[in-house]
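Welcome! Let's take a walk through this structure together, one step at a time.

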Number of protein chains: 4
Amino acid sequence: MIQKHYTVSQGDLVPFHNHTCQCIGTGRMALALQQEYQQQLALVQSEIGFRHIRGHGLFSDDMGIYREYTDVSGALRAEYCFTYLDLVMDSYLRLGLRPFLELGFMPEKLASGDQTIFCWKGNVTPPKSYDGWRDLVQATLRHLMDRYGPEEVSAWPVEVWNEPNLPGFWKDADMDEYFRLFEETFRAVKEVDSRFRVGGPAICGVDDQRWIRCFLEFCREKKIPLDFVTRHHYTTEVPQTRGRYGYARLQNPEEGFQNLEATRQIVDSFPEYRGLPIHITEFNTSYVPNCPLHDTNQNAAYIAGQLSRLGDVNQSYSYWTFGDIFEEFGVPFTPFHGGFGLVANGGIPKPTFWTFRFFRDLEGDCVHRSEEAVVVRHGRGYRGVAWNLTMEGTDPRLGLQLDLPAEDSPYCLLTKTVDEQVCNPLKVWHDLGEPSSLTEGQKALLKEAARPLVRTCRLEGLQGRLTVELNLEANGLVYFELLPAELTPDRGYDPRLVSASLCEGSYD
Amino acid sequence: MIQKHYTVSQGDLVPFHNHTCQCIGTGRMALALQQEYQQQLALVQSEIGFRHIRGHGLFSDDMGIYREYTDVSGALRAEYCFTYLDLVMDSYLRLGLRPFLELGFMPEKLASGDQTIFCWKGNVTPPKSYDGWRDLVQATLRHLMDRYGPEEVSAWPVEVWNEPNLPGFWKDADMDEYFRLFEETFRAVKEVDSRFRVGGPAICGVDDQRWIRCFLEFCREKKIPLDFVTRHHYTTEVPQTRGRYGYARLQNPEEGFQNLEATRQIVDSFPEYRGLPIHITEFNTSYVPNCPLHDTNQNAAYIAGQLSRLGDVNQSYSYWTFGDIFEEFGVPFTPFHGGFGLVANGGIPKPTFWTFRFFRDLEGDCVHRSEEAVVVRHGRGYRGVAWNLTMEGTDPRLGLQLDLPAEDSPYCLLTKTVDEQVCNPLKVWHDLGEPSSLTEGQKALLKEAARPLVRTCRLEGLQGRLTVELNLEANGLVYFELLPAELTPDRGYDPRLVSASLCEGSYD
Amino acid sequence: MIQKHYTVSQGDLVPFHNHTCQCIGTGRMALALQQEYQQQLALVQSEIGFRHIRGHGLFSDDMGIYREYTDVSGALRAEYCFTYLDLVMDSYLRLGLRPFLELGFMPEKLASGDQTIFCWKGNVTPPKSYDGWRDLVQATLRHLMDRYGPEEVSAWPVEVWNEPNLPGFWKDADMDEYFRLFEETFRAVKEVDSRFRVGGPAICGVDDQRWIRCFLEFCREKKIPLDFVTRHHYTTEVPQTRGRYGYARLQNPEEGFQNLEATRQIVDSFPEYRGLPIHITEFNTSYVPNCPLHDTNQNAAYIAGQLSRLGDVNQSYSYWTFGDIFEEFGVPFTPFHGGFGLVANGGIPKPTFWTFRFFRDLEGDCVHRSEEAVVVRHGRGYRGVAWNLTMEGTDPRLGLQLDLPAEDSPYCLLTKTVDEQVCNPLKVWHDLGEPSSLTEGQKALLKEAARPLVRTCRLEGLQGRLTVELNLEANGLVYFELLPAELTPDRGYDPRLVSASLCEGSYD
Amino acid sequence: MIQKHYTVSQGDLVPFHNHTCQCIGTGRMALALQQEYQQQLALVQSEIGFRHIRGHGLFSDDMGIYREYTDVSGALRAEYCFTYLDLVMDSYLRLGLRPFLELGFMPEKLASGDQTIFCWKGNVTPPKSYDGWRDLVQATLRHLMDRYGPEEVSAWPVEVWNEPNLPGFWKDADMDEYFRLFEETFRAVKEVDSRFRVGGPAICGVDDQRWIRCFLEFCREKKIPLDFVTRHHYTTEVPQTRGRYGYARLQNPEEGFQNLEATRQIVDSFPEYRGLPIHITEFNTSYVPNCPLHDTNQNAAYIAGQLSRLGDVNQSYSYWTFGDIFEEFGVPFTPFHGGFGLVANGGIPKPTFWTFRFFRDLEGDCVHRSEEAVVVRHGRGYRGVAWNLTMEGTDPRLGLQLDLPAEDSPYCLLTKTVDEQVCNPLKVWHDLGEPSSLTEGQKALLKEAARPLVRTCRLEGLQGRLTVELNLEANGLVYFELLPAELTPDRGYDPRLVSASLCEGSYD
């Protein structure tokens, strides 16, 4: 077993920017009409509680917004139907979520070409008329402001298009055309209400730094008072395909962090844009929705490392995605198909779900941050998350000792453990034979098998210090709280007469 | 570690009468009006699903049934108010429960004396008028038949009074008076509808066998066509009091089983009553509602042994009680106060809750029954419960090997474990400092800590046999299923490329 | 006011076959994934409770069932994904509904052409390979039988395609090709399980009787043991288009009934098929989903007449549709857009919803059926529905007197009224200004305004008879019950001392 | 029909203090443990939303708070159990309610005598020890502050005892003893947290003004910085008893208002206490819980008049009570037994429920207040309540015309009507035969019959004015809104082609 020992001294403070709950990704907007989607999102919101949600397809045809008709004079006119948009936005707001609006893709009738992406056929060509595009954008924002109030809606960030640096997402990855789209859109949105914050270029990691630089140069030249910069962040090698699946190796996390740091430096090198917020509007390990890694405890441990550091140079980072109602490669055949989601179809939380749940609770001053743990002071105690990312060739077990300042009084150490042994629904599903069609009984069982193991023990501060010992299995993830816990026994209640288990000082 | 090895041969059949869900006990009937009571009962019903419920106090004054007034001629008359009775019965039926009616205690105005029992003051004296009593009983049954239909209501068993062999429950433990009450009541009930099944004498373990014998002699003499016999069954020594609590030692289970066997023999010695059903209308370890033992894993393991054998000579056995809304010794001060319930206040399942949940699922032909386990054949696989009752001075760990007939094909072994390490809410509550007033956060935490640990592994039948190995910690309880589980992998899905955890053959 | 007086004599019995709840129509199957769809359906089921549901699009691409891939040998192979099908079928069964399976339309990749229908692009061409089609049908049925059990699934009726007599729904309305499809499908289904009942030709009213006759001749020639015949039934003239809407005049109901009678006679003229069930797998007033008539009280009154007679020669009649989540002409712009549904978007019951609710409760022997009412004996009382269909040029008010056999004792007359004054959500929506985007407050208000007015009065039977008087406003619909209601006053309760309103003998 | 015509001029402002939702009464606190109680309260809160709740019995023995035991030294000691108090307070806060704490009655063991009140036996004698009483009060408040936070709990008003001017509620109506209790309690509470607001003397209308005066003189003399004054307000004559019921005649409302005005003047005559808030901690028509008047439409109309004026000199007025789970005269025999509640048992809103619902929505500047109506400006329109209290000998119908300033544009007039014809569940229950034990079907029917009739019509402002005409039946109550409602028709939607009912300009 690998042993690590860390000491926190009285007064230690460590930088840690926790934006875990700022934003979450979603499959295309029309999927939000689905009941199963809503149930998964409700689960995520009840346990984690994100503040924004971002995904594609606002203007795609299945949302039914853009329509054309011929008027009495024979002229072709646009009209807008917001029936489905209302349903979606109502549902988000009801769950405490504000949209992080991504403007795209192109309605078929407003498009200049017929190139599409994904099974669901998002059109990725520029508008046939920028006037038409501007009118669509403005009508949509004005409708939202009518319905939800201008104060509310103008607080929703607006991002222009998605990954224009990829020819699959934007015809020919045409940079000049994207810049035109950006400028037209930026000015159209501000005309509706200058309080809107608008940004881009929403690129992913191909030729990314050049795009960022050119984008900022363009904005500077056009005197566009950009509100924020957006990019994506995925951290696996190119996946190997086998049948319906893509198997991808994890990168060393440092590569990704350096890349993000480089983006930060480029932005800060523009005096006009120094310090501008950078939003990672998508991140995950693999960028394909059929990568079984997403369903594993290893993914959960890896993402813990990400959440401990992504706040260093970014104002938000939106995990792609909350759930597995997702059709980019078609409807998935099985519940554990390697989808992006925190929740598998059937409403089963994956291990990474708990990474977010645990980081959410890290409120307070940070006193320790390392490759294996983050600890914050909370009230008169502590909260922390520890993880044990297991890559090949290393001893899979980790013993972690955290020596902390404490009062000379009793504490309760509470731990919630997620690892391959105690919270691994993927394994249970595999052991059941990998059924594609879950019975209600199997769903219930998988949910039972997808909960952290909760345990407690009593510890005592001595001479101002106390040591927390955590043993993590391979790819284990532990949330802990250290709570002041003076005994307040009822008259006559004596644990020694009740059960030996009440009298044990610590685990195992 | 103690090692046990059992072999089941093809075709083995073992007697096992599983009446786990037949009946459950409850605090006095007026408590059923309470919201917290109903929430606890709903939890119990959703997870276990008992068929009948029995408790005291149907006619006690807080149910508001019996009332008197003076009519215009100056005569005192009885009248009956069924408002609360309807609320209670509606709630039971809604949860799938039928009452096992216990007729008692005495309404204050109908009583011949003022002796009461418990904080809630149940009057335990004979009626001042047997005419009045009969009228009350008949009016109540007729009202119930009007409301719920005669078919339904006449299927509810009727028991006369509670523990008349104790002077606290029946004035002077007056046997002759009880026999009179019994006969009057028996005939009154049958007059309403002869389909009602009526029994007694509902005694507990003081002078019990003599009471049973005299009761049957009385019935024989009076030619009462008794429908069933009832008694209680508690299995601890007299508790030692300390402050508000009573600490009781467990008896060797054999003592209790022998006592029940003796009752069976007495009943069968009467030709008129041979084979008559015996209902244990109350059982538990301790008979006091302030015994911390009730909250422990040891209690769960002990009750497992009870459930494996109580069906041998009894047609039902009603655990006393489902929940901890209970006021016999006054309102409890803390959530874990040693109440009788399967569920602690706050809605937290105690370990013994799972004993019932697990035995409930033992449907099928029994192939093994020992001091540590019961196994039944279920479909093409097996279900079983194993337990490790830890008394003083023995090695607390148990390794159990069950060698079973099987097909030469893959199986999934599913286990749900409840032991002092993984499912011990009492310990978590203690470690938190034994708070009397739980915050919502503490309640949620205790519920999380009160769930079995669910795990699976894959096994393979070989030459017609397969061995299940279970390792039980002190006072551990394990439910397992052995399920045929042929792999049905989706195109391209390869567990070896996903996670080492999917490829492990068995636990640990 | 028009006055009608009917007398029912002791012992009168009138034929009335009430199949109101047998089946209901739905928008295409993939819409069943939507949350709003499910909420509307849950409302319908909780108040009405249909037994079957039928709609298009089982095999359309948005259900994601049919997929192709190239195997290692380079051959193109089909595979089937049932993820969404499970979600839909689970949801139906949970709501107490069985599918009335309509097999269609054609998956794009299995199609022989690219002709589509509706905004949602259902492909209406024959299969490129009948082997492929049979395999798809059989694989789907076998999957359903695996998941829900063969007993259950083989009880679901199967209909082949939809309205093949229209060139929009079946390429060229090619009768021979349809007959081929029918035979291939019929035999494929029976091969899976001979208990399945299979029928067609699902035609609507263009050249309908010729199609029926030819279809039966074909079946006879091919010795196909047809299980039932299906057709549709709409009862308006061709709609006049204005902007987005189609305005249609109601036909005299007699025309439609005669047409159905003719179909019955054709079927019965084939000795092999005499008495075969006829299922009307779609009916409504207008056949376009943008006809404001659907939202009116007039529609409710007209459908009342339909429900009183459709059972005469048909075994079921499926109103098209239960709700307004429906995209044939695109996503609707407003909640009251003349959709087919019993429920408007936002969850608001339209007047016709109540026609079904009221007819559902007509259980018992029919004692009266006229152009304005149906009355059945129920227990010791009566239930009835009366309606006042108001066409142009007639006095809009109707006074109806029903003179009934009765006991000489008190009754309660209960009425539930739906008319343009008291239950007309369309009017409320119009009066609010016809908002396209409803606020939560407006939705709540519209629901409040969409409930029947409930009233009661006391009547007394005299000399074995009793007269019920009902006054119906224009397009009014009334459900009534006549309940024996002996007074059972509590001690001292005197209505005369409470309120004059309690002492009134009848309405107004 | 009586005709009334009122004109509101541009700029008119009328005093109207709307404290409708400030406080509501409840049966004794232990009843709050009941499920039916909680369901009724949840209904009340979802539709009305009171801010405080006040009732008796906080310290009565069924709450289980006060307990005594003998310690090892043989001394008798008090201890406090807050298990039930937590359940009750949790439930209130969950429903958005804060307690208006009434400190009383006396725990049996702390009492100096054995005089009790009501079936539930509230002890009404002074404490045997004022030290014990103070300790009980302080321990309770401190526990509440621990659990809910000092900020929260110190905002709960505290009232000392109930109706000490009646010998039934306070032994001998002993004024000096009450004053002692008040002073001791006042100082004890302030010692816990000086932010608590404490008041009394909670008297009802017997010798009331003398008590108020003496109380204030006592406070002045003792230099008690009183926070508010409390009293009760009932407005019927002494009831006539008949069997189980009390029939009471309504007083002319003016008598009551004058009495309250007199109290205001007494308080203001003390310079120290001028302007001190007066809280009416109980009001209703009759003060007995078996008065059928409470269930009538007449009660609803009478209370409308009360709500229009009680705010004139009082800071709150708490209707006694929200629901009919209430045991002062024993458990009620029937659902409509004349209980105090806004909701009848079974969850059925009585007409007076709607009086509160309607007044709740009167937010905005008042422009009209008369004996029949209150109207406020709301946004660009109006809201109002009108009522027609029908006493004997007057024409029961009222025609009300309100001539209002308006824009020259279209409006929607929305009305919700509650009267003896359209919303009178008492009548429906009577017509059903006055059943004591409601079936589920009867409950559902009574709820359907207990909803206001909602209607709308379109009106048009002309030359800056608009007239609203309301026709009220006997004891009718109407809520109305006048909403600006410009038509926004969808393309091609023409109401004239849809239904004549859409084109009507106003009602009837």
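We will look at how chains meet, and then at how copies are related.

Keep in mind that this is a predicted model. Let's begin where chain B touches chain D. Each partner brings 34 residues to the contact: 34 from chain B and 34 from chain D. Together the two chains bury about 2600 Å², and carbon and sulfur atoms account for 43% of that area. On the side of chain B, B:Gln35, B:Tyr84 and B:Phe333 supply 22% of the area buried against chain D, more than any other three residues.

What holds the eye next is charge and polarity. There are six salt bridges between chain B and chain D. In one salt bridge, B:Lys443 pairs with D:Asp90, with the closest N and O atoms 3.9 Å apart. Across the interface of these two chains, 18 residue pairs are in polar contact.

Which parts of chain B make up the side that touches chain D? At least two residues each come from helix H1 (35-47), strand E5 (76-80), helix H2 (83-94), helix H3 (130-148) and helix H11 (440-448). H2(B) gives the most, with five residues. Sorted by class, this side of chain B has 12 nonpolar, 10 polar and 12 charged residues.

Now turn to chains A and B. A turn of 180° with a shift of 0.0 Å along the axis lays chain B on chain A, with an RMSD of 0.0 Å. This is the relation of a two-fold axis. Within chain B, the residue that comes closest to the rotation axis is B:Leu453, its C-alpha lying at 3.7 Å. Finally, 100% of the interface residues of chain B are also interface residues in chain A, so the copies meet through the same surface.

Note on methods. Residues are numbered from 1 along each chain as its sequence is written. Chains are lettered from A and ligands numbered from 1 in the order in which they are written. This is a predicted model: local features need pLDDT of at least 70, side-chain atom pairs count only at pLDDT 80 or more; totals for chains, interfaces and linings use all residues. Side-chain values use heavy atoms; hydrogens and water are left out. Contact means heavy atoms within 4.5 Å. Buried area is the accessible area (1.4 Å probe) that two parts lose on being put together, summed over both. A salt bridge is a side-chain nitrogen of Lys or Arg within 4 Å of a carboxyl oxygen of Asp or Glu. A polar contact is a pair of N or O atoms within 3.5 Å; within protein, one must be able to donate a hydrogen and the other to accept it, and residues adjacent in sequence count only if both atoms are side-chain atoms. Helices (H or I, at least four residues) and strands (E, at least two) are DSSP runs, numbered from the N terminus. Ala, Val, Leu, Ile, Met, Phe, Trp, Tyr, Cys and Pro count as nonpolar, Asp, Glu, Lys and Arg as charged, and the others, Gly among them, as polar. Copies are superposed by least squares on the C-alpha atoms of residues with pLDDT of at least 70 in both.
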